[in-house]
Amino acid sequence: MTLTRRAVLVGAGAALGGLGATALIRGARPAALAPLDFAETLNDASELSPVKVAEHLRLARNGPALEQQLTAVLGKDRPMVVSAARHSMGGHSLVADGHVVTIEDGSVQVQDRTAEDIASGRLRYRVSGGTRWSDVIAALDPLGWSPAIMQSNNDFGVASTYSVNAHGWPVPFSGCGQSVRWVRLMDPRGEIRLLSRDQDGTLFAAAMGGYGLFGAIIEMELEAVPNQRLAPTFTAVTQSTIGPRFVESLAADSGISMAYGRLRIDQKHFFRDGMLITYAPSAEQSGLPPVTGSGFLSKAARPVFRAQVDNEVAKELRWIFEAGIAPRLAGETTRNMLINEPVVTLDDRDPSRTDILHEYFLPPDSLDGWLGSARDIILGSYQQLLNITLRYLAPDRDSLLAYAPEERIACVLLFSQEKTTRAEGDMRRMTEALIDAALDHGGSYYLPYRPHATRQQLLRAYPRVRDFVALKRAHDPALKFRNGFWSTYLEDLA
Ligand SMILES: Cc1cc2nc3c(=O)[nH]c(=O)nc-3n(C[C@H](O)[C@H](O)[C@H](O)COP(=O)(O)OP(=O)(O)OC[C@H]3O[C@@H](n4cnc5c(N)ncnc54)[C@H](O)[C@@H]3O)c2cc1C
């Protein structure tokens, strides 16, 4: 089954006047290259990473035709990066003076089920290097299936999801890599390699959450689980009970297939009260409705959500909506309906501000302590926290740069930041403090967001980062695949 690609989201590079923007991302600049004739400035979802690139190539093919196109790009004398929706926020999908490639083919091929698939209750499907989750959901939903692990929005690339090892709120899973059977990758020499747990396993583990530094993924095979009709349960929790309650609820009911937590963010109750929302299969599973886009509740939530900037009343109203009204309105839904949400639903539509995500991973028992420290740090900053969502993560036994080597609760924080130098400085200070607190509580932080962690913090959170760099250098001695993550943190790591 082949589906058409949607247009790629291109960030507004010029929007950053006051920030001294080009200095924000240190791009790798190969020596002795001719000046750029057709340079273009690209940005990512942060709107704070403008990077002048040599060219942005959109490749709308798959199979041998795509391989040929990628080989031609590799043959050029500049570095390259493969980029999908560019929702990473620190130049991870950009390379200064290099070739940015976006694969626009969105194929999804559902595989015939083997006896092993039937026994495990799974379905396998293959996607191209450019397929988005919206393509996957559209292909699987009519067949009664749903992607096993993906983010909370459907805009992202599937290959990029493996490349950042993203997670979402399906439980009881770890990062997306857990549901990936194999990837076919064009390596820096132009050779095609099949990577899996059994074949070239070291590279499979490094490329999972390896930010595209080991080559261009041109095809992958992943697992799907049955789509289901689900009913929600809302449980009131507090800052100190949400961590243990999350783990206990999932352990007590193996039927729960989606789960998240929310905490209050108005100053008076900051992080003190919360809700745990779990979804379990309804008794009636026949005649599932076809998947649609954003539901009424998501759209209705936007004005209140956006009014929260500098507005305590709106923050309290938001909580009344979230904890009082939503539980009464929320009815049965399907798994696919819950994950088929585009990012744009909550868009800020304000050119002077930008949404910045943070994410911290805490052992369930340390969550309370970290939330206490985070409250002081956030309230002591100038930043506007608009939301915190908590999720469960099973231990990641696969990826080299694992952010959840053991069971973790993920705290996803969404800030609205002014696009000014002062706000950027304040955000950096606050981020460093939040990361320190996470590390002191035995946790870690997520890599695809703003490059505000210090090198020391990276080394503490990801103890195998030097192995990662050594493997990268052995695999790609000419450093053909580069991006902002490499040049900011890894390039000169001794
Ligand atoms: C609003 C929003 C919500 C988010 N929600 C979540 C969430 O719920 N859970 C979560 O874990 N993360 C979340 N994220 C982070 C998000 O998952 C990552 O930023 C992810 O990279 C986004 O996918 P993308 O297609 O935009 O990737 P891009 O930013 O385009 O690329 C990310 C990385 O993947 C590499 N890459 C992409 N395609 C290929 C390929 N074919 N071959 C090799 N390398 C490739 C790129 O080089 C880059 O290093 C969110 C981000 C935003 C902005």
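Helices and strands are DSSP runs, numbered from the N terminus, where a helix has at least four residues and a strand at least two. With these names in hand, we can walk through this structure, which is a predicted model.

We begin at the ligand, which is surrounded by 33 residues, the closest being Ala84, His87, Ser160, Ala166 and Gly212. Three elements, namely β5 (80-82), α4 (158-164) and β12 (216-226), each supply at least two residues of this shell, and the largest share, 4 residues, comes from α4. In character, the shell around the ligand divides into 16 nonpolar residues, 16 polar ones and 1 charged.

From the ligand we turn to the nonpolar core. The largest such core has 131 residues, and those with the most contacts inside it are Leu185, Ala207 and Met220. If residues up to four places away in sequence are left out, Met220 touches Arg126, Val127, Val158, Ala159, Tyr162, Val180, Trp182 and Val183.

Another part of the model is a sheet. Strands of a sheet pair through backbone hydrogen bonds, and they may do so in a parallel or an antiparallel way. Here an open sheet of 8 strands, with antiparallel pairing, follows the order β16-β13-β15-β14-β18-β19-β17-β20. Its edge strands are β16 (333-334) and β20 (444-445), each of which pairs on one side only. Strand β17 (residues 353-362) is joined to β20 by 2 bridges, and the two run antiparallel; in this pairing, Phe361 stands opposite Ser444 in β20. Helix α11 (residues 421-440) packs on the sheet, where it touches β17, β19 (408-418) and β20, and the direction of α11 makes about 10° with that of β17.

Notes. Residues are numbered from 1 along each chain as its sequence is written. This is a predicted model: local features need pLDDT of at least 70, side-chain atom pairs count only at pLDDT 80 or more; totals for chains, interfaces and linings use all residues. A residue is near a molecule or strand if its C-beta atom, placed from the backbone, lies within 6 Å of it. Ala, Val, Leu, Ile, Met, Phe, Trp, Tyr, Cys and Pro count as nonpolar, Asp, Glu, Lys and Arg as charged, and the others, Gly among them, as polar. Two strands pair if DSSP finds at least two bridges between them. Two residues are in contact if their C-beta atoms, placed from the backbone, lie within 7 Å. Axes are lines fitted to C-alpha atoms, for helices over the stretch in contact, and angles run from 0 to 180 degrees between N-to-C directions. A nonpolar core is a set of buried Ala, Val, Leu, Ile, Met, Phe, Trp, Tyr and Cys residues joined through C-beta atoms within 7 Å. A residue is buried if 20 or more other C-beta atoms lie within 10 Å of its own, exposed if 12 or fewer, and partly exposed in between; C-beta atoms are placed from the backbone.
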